[in-house]
Structures are given as structure tokens and as C-alpha cells.
Amino acid sequence: MLSVKDLHVYYGGIHALKGVSLEVPQGKIVTLIGANGAGKSTLLRTICNLVPARSGEILFQQENIVRVPTHEIVKRGIAMIPEGRRIFPNLSTYENLRLGAYGRTDDVEIEQDLQWVYKLFPRMLERKNQQAGTLSGGEQQMLAVGRGLMTRPALLMLDEPSLGLAPILVEEIFEIIREIHKQGITILLIEQNALAALKVADYGYVVETGNVVLSGAGDELLHSEEVRKAYLG
Ligand code: ATP
């Protein structure tokens, strides 16, 4: 579904991605793990064309999307949930979700998707009229994921969804990722929580200073000596 080939990205003089290649096959959960500053968020931002690629290819459903504008990439079926729950604090929960469907005109399906999001996150239904800025951190994270789902993505990219959440909510988020995946949505997941991420993932990539240094099936990486030492403590 998504195929990244020899991708190079710079921020001014900083070479943030140094020839990254990876594959996200349809229907799979793929995770990127790696230390802070390794380039994981940069990769997601570049896929959405929020950051320009210097060279390399990003194929989504066989088409190179490197120069495609971000809104068009969303329309083609990629949703990204950035780190840090960027919701609209002055709008209600419902309004935030509805904005996820901005540009869609299939009202019947939009309503179905909204009901699906409420089913995944019953708390969002309970709090649908609450100003989103007053939701708890965990609720805002759920809202951010819900809003991404309202674009009806084929590929959902999540940047550290468990960051800053209490352990019980971390479990819940991973449970929800499984649930979303069961609905046929392909997932690319960035996580600091390597253990939880590798447990849900079909495949994983380890990123270090702008390079993929290791990759393999989730359970393979889970048992790899290198990964255990560096990321699982
Ligand atoms: P984290 O887990 O801490 O978010 P990451 O793996 O997602 O880390 P990136 O955010 O992709 O890492 O950053 C990769 C490198 O690019 C870092 O050295 C970072 O300082 C640098 N970088 C990121 N964004 C910018 C920017 N807007 N301008 C300059 N340098 C940047």
C-alpha cells in the first residue's frame, strides 16, 4: 500500500532522513521505533508532504505522492494523527469529529463513521458537546484519533499515541488500534513504547539518526538481542 524508497529529507543543513526505505503492506500494522530525534516524526510528516522530500519516492497505492499537496494526500486515503493531540480546543468534541469529515459529501457514510467512532470511544459520545480543550489528556488523544478516522482513511498513521497517558489508557489505546485494524484499516505506528508497539505490529523498523538500522516481524524484533538492549530495557 505504501512504499518509501531511498528518502532523503533536510531541515536546512540537518540531514534528518538519510535514505530511508520501508514497506507498509495493505492490511498490516507496521511500527517504527527508535530514540528521540531519530527521524520518525519527520518520516510521517514527509509522507503527508508537510515537509518536502529532497529525493526519493513515496508510493501510495502505486502512485508517487512526493509532490502531491497534503489535502490531496488526505483525500486519497492517508490520515495522520500527530504527536501532542492537535485538536481545536474551542470547538466541541462533536465539531472536532465533524471537521475530520471536512470535504466529504457522503452524509450517510459520515453519520455511520461518527457512530463507529462513538462506539470505539464511548467517552466521545458522552462528551460530545463539551469544549474539546477541557477534555482530559487521554480524551483529547482519543478525539484526535477519532477525528482522523472521520476522514475514512485507508492508511492511518499515528505518532506516539500513548505518549503521556496513564498505563490503563495506554492499554486502551493499543486495544483500539487493534480494533481499527480489524475494520480493514492499514496502520503505521510510531511508538516510544517499543514493547507494546512490537506486540501489536506485524512488522517493525528500527530507526536511528535518519537510517533504518534493523527491521523484521514484530515478534522477531521483540526477541532480538539488539532491540531488547536498546529499546526494551
Ligand atoms: P521524537 O521521538 O523525539 O519525536 P523523532 O524520531 O520523531 O523523535 P524527528 O522529530 O523526526 O525525530 O526529528 C529528527 C531530527 O530532525 C532531529 O534531530 C530534530 O531535531 C530535527 N528536526 C525536526 N524538525 C525540525 C525542524 N522543523 N527544523 C529543524 N530540525 C528539525
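This passage describes the sheet, a helix pair and the ligand site of a predicted model.

Four strands build an open sheet, ordered β2-β1-β4-β5. Their pairing is antiparallel. The edges are formed by β2 (14-24) and β5 (63-64), each of which pairs on one side only. Strand β1, residues 2-11, joins β2 in the antiparallel sense over 8 bridges. Along this pair, His8 stands opposite Lys18 in β2. Helix α1, spanning residues 40-47, packs on the sheet. There it touches β1, β2 and β4 (55-60). The direction of α1 makes about 110° with that of β1.

A second packing arrangement involves helices α6 (residues 137-149) and α7 (residues 167-182). Their axes come within 11 Å and cross at roughly 10°. Because angles under 35 degrees count as roughly parallel, α6 is roughly parallel to α7. On the α6 side, the contact is made by Gly138, Gln141, Met142, Val145 and Leu149. These residues meet Leu169, Glu172, Ile173 and Ile180 of α7. By class, the contact residues comprise 6 nonpolar, 2 polar and 1 charged.

The ligand is surrounded by 15 residues. The closest are Asn36, Gly37, Gly39, Ser41 and Thr42. Polar side-chain atoms of three residues were examined against ligand oxygen atoms. For Ser41, such an atom lies 2.6 Å from an oxygen atom of the ligand. For Thr42, the corresponding separation is 2.5 Å. A polar side-chain atom of Glu83 lies 3.5 Å from a ligand oxygen atom.

Technical notes
Residues numbered from 1 in each chain as written. Predicted model: local features only at pLDDT ≥ 70, side-chain atom pairs only at ≥ 80, totals over all residues. Heavy atoms only, no water. Pairing = 2+ DSSP bridges. Helix = DSSP H or I, 4+ residues; strand = E, 2+ residues; numbered from the N terminus. Contact = heavy atoms within 4.5 Å. Axes fitted to C-alpha atoms, helices over the stretch in contact; angles between N-to-C directions. Parallel < 35°, antiparallel > 145°, perpendicular 65-115°, else oblique. Nonpolar A, V, L, I, M, F, W, Y, C, P; charged D, E, K, R; others polar. Near = heavy atom within 4 Å. Polar contact = N/O pair within 3.5 Å; in protein donor to acceptor, adjacent residues only side chain to side chain.
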